[in-house]
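These are my notebook entries on what I looked up in this structure, kept in the order in which I went through it.

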Amino acid sequence: KERLRRALEENRLIPTELRREALALQGSLEFDDAGGEGVTSHVDDEYRWAGVEDPKVMITTSRDPSSRLKMFAKELKLVFPGAQRMNRGRHEVGALVRACKANGVTDLLVVHEHRGTPVGLIVSHLPFGPTAYFTLCNVVMRHDIPDLGTMSEAKPHLITHGFSSRLGKRVSDILRYLFPVPKDDSHRVITFANQDDYISFRHHVYKKTDHRNVELTEVGPRFELKLYMIRLGTLEQEATADVEWRWHPYTNTARKRVFLSAE
C-alpha cells in the first residue's frame with residue numbers, strides 16, 4: 001500500500017507486481033490515516049478535562065490498618081483540598097472502585113504499610129485509569145514533629161521539577177492533577193522534585209517579610225516516592241489491565257539509568 005501510494009503521489013508507473021491488485025489497494029488506502037505510533041492527541045488523554053472541574057480525591061488504607069497508617073491517611077487528606085477519607089473495613093477493591101465511580105470520585109488513593117511504617121501509595125485515576133504504583137520511603141509525619149501549627153487548607157501552588165522525559169511528564173500529570181487550580185493569592189506551596197527517579201514531596205507555606213524577601217515554613221508531611229509501575233486500567237483490573245511501564249531493577253544493563261528525566 002505504501003509503495004502504491006508513493007507511486008500515485010509522484011505520478012510514476014505502478015510497480016509491475018502490484019498492478020493486478022492496484023485497484024483493491026487503492027480502495028483500501030482511503031481508509032488509512034496517518035500512522036499513530038507514538039502520537040497521542042487530546043482524545044487519548046485521560047486527563048483532558050483536568051482543570052475544568054476540581055478533582056474529587058478519596059483516600060483509604062490497606063486492610064486492618066495500624067494507628068500510624070490511619071494518622072498518615074488523615075494527614076494526606078489535609079494535603080489534597082476537598083479530599084475524603086474512607087475507613088477500609090472489610091470492603092473489597094472492586095466494591096471500593098464501584099462506589100467511587102458512582103459518587104463521581106476522580107482519583108482513589110490507597111496507602112500501604114509495613115509494621116506501622118507507610119511503604120506504598122497507589123494512585124488510581126477514575127473512571128478508566130491509569131493506575132500508578134509508588135514505593136514510599138523516608139516518611140516524616142506531622143504527628144512526629146512537636147509543636148507544629150495548623151495546616152492551611154487553601155488550594156496550593158504546585159512546583160514540579162525534573163520531569164523532562166516522556167514518562168516523567170506522564171507521572172507529573174498523574175500527580176499534579178490530584179490538585180485543583182489554585183487562586184493567585186494562595187500562600188501554600190507543594191513541591192514534587194525528581195532526582196535520580198526518587199520524587200521528593202515537600203509542603204510549605206510562605207509569607208512575605210518585606211517587598212523583597214519571603215519566609216518559607218515547612219508544614220509536613222514529607223516523603224519520597226519511587227515509581228515502579230503504571231497500569232492502563234483502574235485498581236480492580238490488576239489481572240487484566242495492560243502494563244504501560246514497569247521498573248525492572250534486575251534486568252537493566254546500565255547501572256545508573258534514570259527514566260523520569262531526560263538528562
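I began with Ala22 and asked whether it is buried or exposed. In this predicted model, its relative accessibility comes to 9%, and because the cut-off for buried is under 20%, I entered Ala22 as buried.

I then looked up where Ala22 sits, and found it in helix α2, which covers residues 22-29. Setting aside the neighbours within four places in sequence, I listed Leu4 and Ile14 as residues in contact with Ala22. I also took the C-alpha to C-alpha distance from Ala22 to Lys1, which is 8.6 Å for a pair 21 residues apart in sequence.

Next I turned to Thr16, which I located in the loop between α1 (2-9) and α2. Its relative accessible area is 58%, and since exposed means over 50%, I noted Thr16 as exposed. For a distance across the model I chose Thr16 and Ser200, which are 184 residues apart along the chain, and whose C-alpha atoms I found to be separated by 62 Å.

I went on to the nonpolar cores. Which residues have the most contacts inside the largest one? I found Phe134 and Val171 in that role, in a core of 38 residues. Helix α3, residues 67-79, gives the most to this core, contributing five residues. I followed Val171 further and, not counting residues up to four places away in sequence, recorded that it touches Phe134, Phe163, Ile199, Leu227, Ile230 and Leu260. I also noted a second, separate core of 11 residues, which includes Met58, Cys100, Leu126 and Leu235.

For the protein as a whole, I counted five helices and 11 strands. The radius of gyration is 24 Å, well over the 18 Å that the globule rule gives for 263 residues, so I described the protein as more spread out than a compact globule. Along the principal axes, I have the C-alpha trace spanning about 85 × 55 × 40 Å.

I closed with the totals for burial, contacts, surface and charge. Buried residues make up 38% of the 263 residues, and of the contacts between residues at least 6 apart in sequence, I found that 64% join residues at least 24 apart. The exposed area is about 16,200 Å², of which carbon and sulfur atoms supply 50%. Finally, I compared the mean positions of the 39 positive and 36 negative charges, and entered them as 4 Å apart.

Technical notes. Residues numbered from 1 in each chain as written. Predicted model: local features only at pLDDT ≥ 70, side-chain atom pairs only at ≥ 80, totals over all residues. Heavy atoms only, no water. Helix = DSSP H or I, 4+ residues; strand = E, 2+ residues; numbered from the N terminus. Rg over C-alpha atoms; globule rule 2.2 N^0.38 Å. Buried < 20%, exposed > 50% of the residue type's maximum accessible area, 1.4 Å probe, protein only. Contact = heavy atoms within 4.5 Å. Areas by Shrake-Rupley, 256 points an atom, 1.4 Å probe, with all protein chains shown as cover. Lys, Arg positive; Asp, Glu negative; His and termini not counted. Charge placed at Lys NZ, Arg CZ, Asp CG, Glu CD. Core = buried A, V, L, I, M, F, W, Y, C linked by side-chain atoms within 4.5 Å.
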